[in-house]
Every structure is written in structure tokens, then in C-alpha cells.
Amino acid sequence: MTLQELVNQAAGLYSGRKAVWFDECNDKPPAFYTYATVVKLATELTAFLQKHCDQRGKCEIGLYCYPGINLPSWILGILQVPAAYSPIDPDAPPMLSAYFMKKSNLQYILIENDKINKFQMSHVGWFYHNSSAIEHIGLTLFQISSSNADLNSRVDDVKSKYEPFNATGNSQPGYTICPDQTEVKTSEGGYMDVGQKYPLAYVLHTSGTTGIPKIVRVPHKCIVPNIQHLKSLFEITQDDMLFLASPLTFDPSVVELFIALTSGASLLMVPNTIKMMPVELSAALFRHHHVTVLQATPTLLRRFGAHIIKSTVLSANTSLRVLALGGEAFPVLNLLKTWKHKENKTSIFNLYGITEVSSWATCYKIPEEVFSADFRTDFPIPLGSPLLGTKVEVRDTNGSAVLEGEGQIFIGGEERICFLDDEITVPPGTMRETGDFVRVQNANLFFLGRKDNQIKRHGKRFNIECLQQAAEDLCQVEACAVTWYQQEKLILFVVPKDDLEKRETLKELQKRLPAHAVPDELVLIKALPLTSHVIPVAVCNRPLTPAVERSVPKGKVDISELNKIYQNHLNSRRRDSKLSDAEELWERLQYLWKSILGLLDDSSGISKDAVFLYSGGDSLKALRFYDEIEMLLGKAVPGLLEVILSRSIEEVYGHILKILFPDEDQLMNYDNVVKRKLSGNSGEEFHGKYIKLKSERDLEVASGLISFIALSRGNHFFSMNFTKSFMQPGNTVQVGVELLQQPSVLHLVAPSVMKSHEQGYEMKNRILAVTNKANETDCCSVQQIHAECSHVTTAELALCIRWKSNTRKCVDASPLVIIPAEEGVSASVYIGSHSHAMQAIDLDLGEVKWEKNLGDRIESSACVSKCGKFIVVGCYDGLVYVLQSGDGEIHWTFVTEDTVKSSAVVDPSSGLVYIGSHDQHVYALDIYKKACIWKLHCEGGAVFSSPCLSSFPHHLYVATLGGLLLAVNPVTGNKIWKSFLGKPLFSSPHCNEKYVCVGCVDGNVYCYAHSGEKVWQFSTNGPVFSSPCISSLTKQEIFFGSHDRFIYCCSMEGNLLWKFEATSSVYGTPFVFQSDDLKNKILLAAVSTDGKVWILNAKSGTAEGADRLPGEVFSSPVVWGTKLVVGCRNDYIYCLDLHITGKKEQLRC
């Protein structure tokens, strides 16, 4: 029997029953298909594939999709061809996907229609389109190109990543030896033909954390016995509801799918994002759908948290009949007893198996009596009995059978055979090495752990899982994990249950463990980080942890992430020792400089003009230098990294002195300290400059960087490489010569419109005079605040369309305007649209310089890179695109796990780009090295808004839809402080040198000090989606809009200065500007959602001009000179010219 035959057999009996449920866990009702519908859709897909796929020999078809209502029909449709399905995770690194597709000789791939652009962007030129979309099935068939040098090189790249592992020996789990000790036969050409004797069901790959990722081809004869036996053990009926917990790339998903669909039972699926949310997931599983059978890893179960496990999953009245835990060491019995309500009737099973003999090998049902109060808590849980057709052996290091004692477990069977990589045939009875060690006692197998989890410490060898089990047995421990950090330190990570005292916990462990098993350090964390099965560590550029990591499924503890957590813990821990004076600081600073640059053997002194990056340093060494200095000082030094990266050692020293020794005398004399300490034994001082002269530095900048000013919503200014005033005809822009330290402190006076460029344009003078009603409203609002109302004389402004550009769909993004310093090069507007199009438009002429179609709609606003050569923008397809600013060609794409609506921000010193995603992470990206430097999970809330960067102090502010405002270290990704506001934050934070402000859906604008203390909150009468605007032109004012239709101006103390009533809600962020051509007034541009564009006096709040665009506006305006650019939901980007009408009116109250 094959899997598809078993499903069709069940469908014949239960055609009208519900087979599949898909719940998005939102306001929509869950979707479902009956068995008849599943089979009907599968049959249609089968017919299509039989027509379009060459079925000579074997046939394997890739499936690139997320779980959804059609998934079972897609898999069944492939199996009925007959063909094997090969799941490919859209979130996997493209390099790994390429390796898998090439290594498995994949000829065809079915791609979910809304993932086509994502696939094509990640695998450019690797496949060609083979058919039109099957719209009611939701898939498109692609065929691989016959030869592709780029694909082959990617495969070689993956292999080269793993060469260090092969050097340590070629005994990998899964590659063990047949009974007669002869090697498995392989094919030199990499083509496998198992013939009709072993028709394949599916093809997977291991994660590669124990070596090169292995391709595993699984015949029906191997997996069907698993399905049939587990159905019997779990007593599955048509009344059961099973949950698809595992990713498709992890073979237990096959068990979940086919136990349900071969029994007439129902299968529940939810989006991947819901699996990350314990409260939402538990509600979907047990309150809404009453799941009866759950297969999961112990770590995935722990993610629910003890409260949800006790109150819902294993409560007295839970719907859950069967809980099958596998893939990791089974939880200690004492912990399990605390989770399980005394009246709970759920049957709990321990499963064990390896991917190379898919899927499970043994099963053990936990006896109900072990949960009684008087049963001993140290009762060990065995692996259980072999499943149908499975043979289990334990062997010692010589290959001899172990009947009592310890040894390694081997798995196989006459027909429990999978084909690995290039294997053509596998002799009957082949036994696969697992790499797992067990203790055999009275014919029972007790799991000891991985052979590569055994470490030698203090001269004694032991398995680190012993420490984990001992810690889990403590009542204060919710969950825990252990790492052997850099093969030097044993670190225990603990998720505490209540108030856990580290010292007491370590004392308790000392009582229970031998001295060599007690951890060096205990680190408290909020949750255990989990792995994604498909991502091999080496491909992700994460350091492999020797003897700890293994090929793990999604839901297992991610050891590399724990090591990162510990590294960050080390970085944040400060030494207690204090420096005595400035001279000692200078000595220690020189020592650290030489130590990190490898110059300790150099007896010569360090020139006070020496620059770290020019002395052999790089960004990673600069980070080490930064960490060492902060550990030396025992306190954070704001702005230190920027100084290290760009200034001399003397300036680094001076910067630290200001923080460490605020005593004025020491500050006044620090230059003397440097001179004195720089003097050698001869008494001579260093006077020479560092060899990298100024002219040489300028040459380097000129060759690699572009001088420009960039403007974006909310008065975010970013200037780079200006060494003198930036001139344009008719006016001057005043820009500082240093890198921008704060987005809001740049004083900018915009240029006037160049009159010569106005000639020849058809000006559409749709001038809208300011009505008396609007003026009366404004005047009265001012009168209410200032207690008296004077007559105000205004010079009205007219707004007329200079140009508009058609994007073919709504424009909700806000424009990025870049003004290059180079003479003769025009300014550009960069903006994206729902049509997937990203446009670069000439600011003066309105001509489209280039247009680039991305993978999905664009609501993210663009930002420019430090060098000016790239534009960074997020997309609904979950990718962050880095485009060349000159022609729009893709430089790099970075994949997140969900939609990217957040707009990026760039660090002017390091060049790192920060951006958020709906996957609840914020990322730090090095677009030059094409690498993710760090990512931070934002505690359960999607990041819709844009991060905000402060240089002094060096903080990154992130707001989430979970209502959290986070301050993050931009260098390390560590959280500095957080504040929970209770309601979603769609507004982007904005800061100045003192405060950071953000709007909230609860109708308030909140203001915080950089230290995290709330300074004030200001209440409006509607949700605040608008981001605060803080400008150096007004300095003491903050501007924002609200859904209550008002545009507000408050002081930096939180007091209302004025408010202006618009004609509808204000979603966009205001923009402050000033121009000589507009009488040098400080003006405020704002838009309301009905399309009205308002120009207000920023000081008084009175209307100076207004116009209406022919559509709704959610975009925010940006103004340069007298040109206002904004997007509109009528599919157009507009550039409006502002000019004075000459009309003067007297306002009356």
C-alpha cells in the first residue's frame, strides 16, 4: 500500500466528513475542505502534472509553499502522478535550497502563486516557467534549467562550508554500515534509480549541523508501517482532530498529515506566525478546534509556558487525548507531573527516531500510575519498543552488540530503508548509525544523549544532558538548556518559574551533581530560542558549536542562539575595578589597542593621531575594542563606537574622559596627560601625524561615497560627506560638516524654485483659498491657549501640480528625496506602490528615471545607504530589497519571515541598516557584506513602524504592534530598556537630543527620556497613527496628527501650543520647512486622509494654504524648497509647487 492509496481508501468511506481546516486566527471564519474536495482537487493537479512532467524513470516534484488549506491536496496530487514530493521552505537560505534542488536532481517544482516573485528573486535564472498558473489550485509549475553554472557554484559553496567537518572524520550519523560491513553502493553521477521495487513518497534533507546536508529519499514501504502502527497505538478514529505542528521539511509532518487523512480524521493547520504566539495557538488548538492529538518536541510544548500547559493543554477538561513527544530527550518525570492536572486523562507517549530512517523508530506509552503523588520522581522514561518493521540494535565502539550497559543505537529493518544522497541500492537489513547513546537495562533502552554532547571537563567525561535533566528537576526552573561555550565554559540557561536565586540554584545543583558537572555560570533568559529545521548553521554564517549541535527540527533549542545570548551577556557585564586616574586610563587604553590589533610585541608608542581602522582594525575588532573599554570602565559610554570608527586614539581617550572623569581639572589637563604618556624614555614627544594624511582620506571618501542630502517623512534629514556649504541657484542650504548626529538637529534652509525650470510647464492652477471657517477655527484655537487673539495678517500660499507619476496602484509609502551635491545631477524622488513598482523620479521634471518591479506590494518608505549608491526598501513578500540608486538593479535581498512594512534607517557612522518586520523582529543589516549582523525578537509584536536611531546616546528605538517601545543597543542588538504601552504602536518613534516620542492607538503621544523614564503623555480624542515630527527649525515644538481630525503642536514639555482642525483624520506625519521664496516663514505641511494638503504656520497654527488631491492620502509629505512630494491612493505620486498668491486677509475671531 502507498500513502495515496490509504488516503483514497479513507476518502471513499468518509467523503462528506471534514478533512482539512485552516484557521488564520483572525476575524475570518476558518476554512475547511471535505475528503471529497481534497481528492477532487488532488486529481485535477495529478492530471495536470501527468500532462506536463516527463515521467521517464523516477519523478520527484518540489513543493515551495507555506501551510494552507490546499496543502494536503497538493501533496496527494503529486503522490498520485506517481511522484515523490520534495518540500522546500520559502524561508530557507537560497544557497541551501539550491543545494537541495541540485543534489536531489530535482527537475520540477510547484510554487504557490503568491510566492513566485519571492522564489524568482532568490533563485534568479535557475528555473524557467513551464506552464500557466492553475488558478483554482493556486500553483505554478516550473522546470529547472538543464545547465546552470551559477547553481553549480552555489552547490559547491555549500559543500565548501562543511569541509572543516569532513576533516574531523567521515563517520556521520546515518552512514552506517550494513550487516556484512560492506559499504553502501553509490553512483558517481549522483543519479539514483530505485526502480519500481521502492517507489518514493517524499524527499527531504537533514539540516547539516553534523556535516554536509544529506538528501534522504523515503519509499512508501518505509513510512507506511509507521503510519499504520501509530494509528493503532494512538487509537485514531474519524472523530479525532490532529494538528500539523511540524514544518514540511521535518519528517514527523508526514506522520501528522497521514495519520489524520488515512483515518477519516480532521487535520488542523494555522499560519506559521501563530505557532510563535502561545496564547493565540493554545486558543486555536484547544478552545476553537478541540484538538485531540498533538505531536511535538518537548521544547515546543514548553513554549506554551507552565500556566497554559496546566490550565489548557493538560488540564482536567482538555480536549487532548494524545500527546506524543519526540525529537529530543523526554522531559524529566518531576517536571511532567507539575504540568499535568491530577484529573487529566491525556495519554502521553515518548517517540524516538532519525530522519535517515524516516520517521519514528520506537514508542513508549507513559503508564498512568507514574503520575500519582506517591510514585518515585526519579523514574527513568525508556525509549520503548520498536515500531512495526523496525529493528533496533545497541553496539559498542567495536561494533559488538550490547545487551547490558552503554552503547550507540542503530536503526534499520528489512523494508525500513531510506536512500541517502547518491545511494542506488541499499542491502536488506542495513542499520543506520544514529549518534545517540543509550543505556540498556533489563531489555529497556534509556536515552543518555548525543555522542557529540559528551565533554571532558576537569579530567572527567560526562554528558551535558545530565546537567539539563538535573536542573529541570528543580521546582524553580520552567525550562533550561546547556552549552559548552567555546569548549571552555559550561553554561546553564534557565527560564525561571518564579523568583529564582542564582546562588541558591547553584548550591542545589552542587548537592545533586559531581563537581565536574556543576555549571560555570547560570544565565536567566525569558524563553528558549528555537531552531528552524531547514537552516544549516554553517550556511547561516553562525559559528558551529563543537560537540553540541545536531541536526534538529523546528522546535528544538537553538544552541548557536544561546551562545550569542551568552556572548551578549559577557559584553554587557562590567568589571568592578575602578581606574584611579586619567593616566591609568591612557595606559590601559593603549594596552587594549595593541592587544586587539595584535601589536603587543611592538615596543614603540602609539601616535595620538592613530586611527583604529587605519591601524589594522576592522569593524569586528572595533566591536571588541568597544566591549573591552566598557568592561574596563564598568559603565556604558554613549557614542563610543562611532568615535572608535572615525576618530584618533586621542579623541577616543578624550571622549571617555568626559564620561569617566567629569572633574573639570582633569578634563582641562587631559592633553598634558597624553603628551606626558606619549613621551618615550628619551623624553622626546610624538609630534608627527599618522601616515594616512587628510588628502588621502578625502580621496578615499571621494572614490567610494557620494555627497548628498536625503529627506524623508517627519523631517528626517541625512547628510553625508559635505565639507562646505551646499549651494544651489538662488539660495543656500546650511548643512553641518560632520555626520548627522541626530535626525532632528540638522538646520536646513531649503532652496528656492529655480525660475528657469518653471518655463514650459503646464501649471494646473487648482488654487484653493483658505476659507474663513478654517481661519476662524485656527484663530479660536490659538485664542483658547494664549488667552487673547490678535489680528493676524497672512500671505496665502497657492499649491499647484508640478507633475504627477502613475504607479498603477495605491501609493501609501512616503517619498525619499535625495539631493546630490554634484553639479548638474538632478534631485530624485524614490517611492514604491501597491503595484509592486519602485520608482525613481526626477524631482524637477517629473520624469521616471527608472522603475523596478519587486515581489509584492510596497508600503515601506525607502532609505538611502551611507554611501548613497543604494536604496533600501521593505516589501510585502517578506524581503528587504537593496537596489542600486542609479538604475534600480537589485544589489541584495534579505529574507525575513513575514511582511515588511517598516521603513529602514541607516546608521551614518557604521553604515548598518536597521529595519523591522511583521515577523516580530528588528534586523541590523550590513548591505555591503550582505549579512545580517543581528536580529532581535520584539516580544510578540509585529514591527510595523520604522526604527529611530539616536547617536547620543547611541540607541535604536523600536515600536511594536504589541504595544512595546524598545530601546536597543544598535551595535549588539541588546535591549537597553522597554516600556509597555498596552495598545498597538503604528506610529514611528522620533527623537532629539533629550527625548524620544511616539504616538499610540490609545490616543496618546508619549514622551520618554533616553534613560527610559516617561516624561509626559499628551491625550487626543482619537488613535494616533501619525509619527511625531521634531525639527531643529522649531526646536521646542513637536507636531503630529490624530484620527480626531486635528493637527497638534505641543511644547517639548507636553503642553498644547495650538491645534488645527482638518477636514478628516490625519494619518501621515507632518513636515516642517522654510524657504526664502515663501517669505522665510517656518511652515508645516500636513495631509488628511480625504486628500487635503494643508500648509500651516508652524508657530501659530494658522492656515497659509491648502489644496485637495483626487484620492485618499495615507502617505506623508516631504518638502524640498517649494516642492512638496506625497503619494496618493488614486495610484499617483504628486509633486506640488508652493508659491505666494499675494493675497492678504485679516483673520477674525
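## A walk through a few telling residues

The side chain of Thr434 comes within 3.0 Å of the backbone nitrogen of Asp436. Thr434 also makes a second reach, with its side chain 2.7 Å from the backbone oxygen of Ile409. Keep in mind as you explore that this is a predicted model.

Where does Thr434 sit? You can find Thr434 in strand β20. Is Thr434 buried or exposed? Its relative accessible area is 1%, and because the limit for calling a residue buried is under 20%, Thr434 counts as buried. Now look for Glu356, which is 78 residues away from Thr434 along the chain. In the folded model, the C-alpha atoms of Thr434 and Glu356 are separated by 8.5 Å.

Let us follow strand β20 onward. Between β20 (431-441) and β21 (444-450) there is a loop, and Ala443 is found in that loop. Most residues other than glycine have a negative phi. Ala443 is not a glycine, yet its phi is positive, at about 70°. Its relative accessibility is 68%; exposed means over 50%, so Ala443 counts as exposed.

A second residue with a positive phi makes a nice partner for Ala443. Gln920, which is also not a glycine, has a phi near 75°. Gln920 lies in the loop between β41 (913-916) and β42 (921-926). Is Gln920 buried or exposed? With a relative accessibility of 3%, Gln920 counts as buried. Here, then, are two loop residues with positive phi: Ala443 is exposed, while Gln920 is buried.

Next, turn to the peptide bonds themselves. Most peptide bonds are trans. Which residues does a cis bond join in the loop region after β44? The answer is Phe952 and Pro953, with omega about 0°. Pro953 belongs to the loop between β44 (948-950) and β45 (955-959). Another cis peptide bond runs from Ser358 to Ser359, again with omega near 0°. Ser359 is part of the loop between β14 (347-352) and β15 (362-365).

Our last stop is a helix. How many of the 10 residues of helix α9 are buried? For α9, which covers residues 252-261, the count is 10 of the 10, so this helix is largely enclosed by the rest of the structure. Among the buried residues of α9 are Pro252, Glu256, Phe258 and Leu261. An α-helix has 3.6 residues a turn, so residues three or four places apart point the same way. As you turn the model, try picking out Val254, Val255 and Leu257, which are also among the buried residues of α9.

Key:
Residues numbered from 1 in each chain as written. Predicted model: local features only at pLDDT ≥ 70, side-chain atom pairs only at ≥ 80, totals over all residues. Heavy atoms only, no water. Helix = DSSP H or I, 4+ residues; strand = E, 2+ residues; numbered from the N terminus. Buried < 20%, exposed > 50% of the residue type's maximum accessible area, 1.4 Å probe, protein only. Polar contact = N/O pair within 3.5 Å; in protein donor to acceptor, adjacent residues only side chain to side chain.
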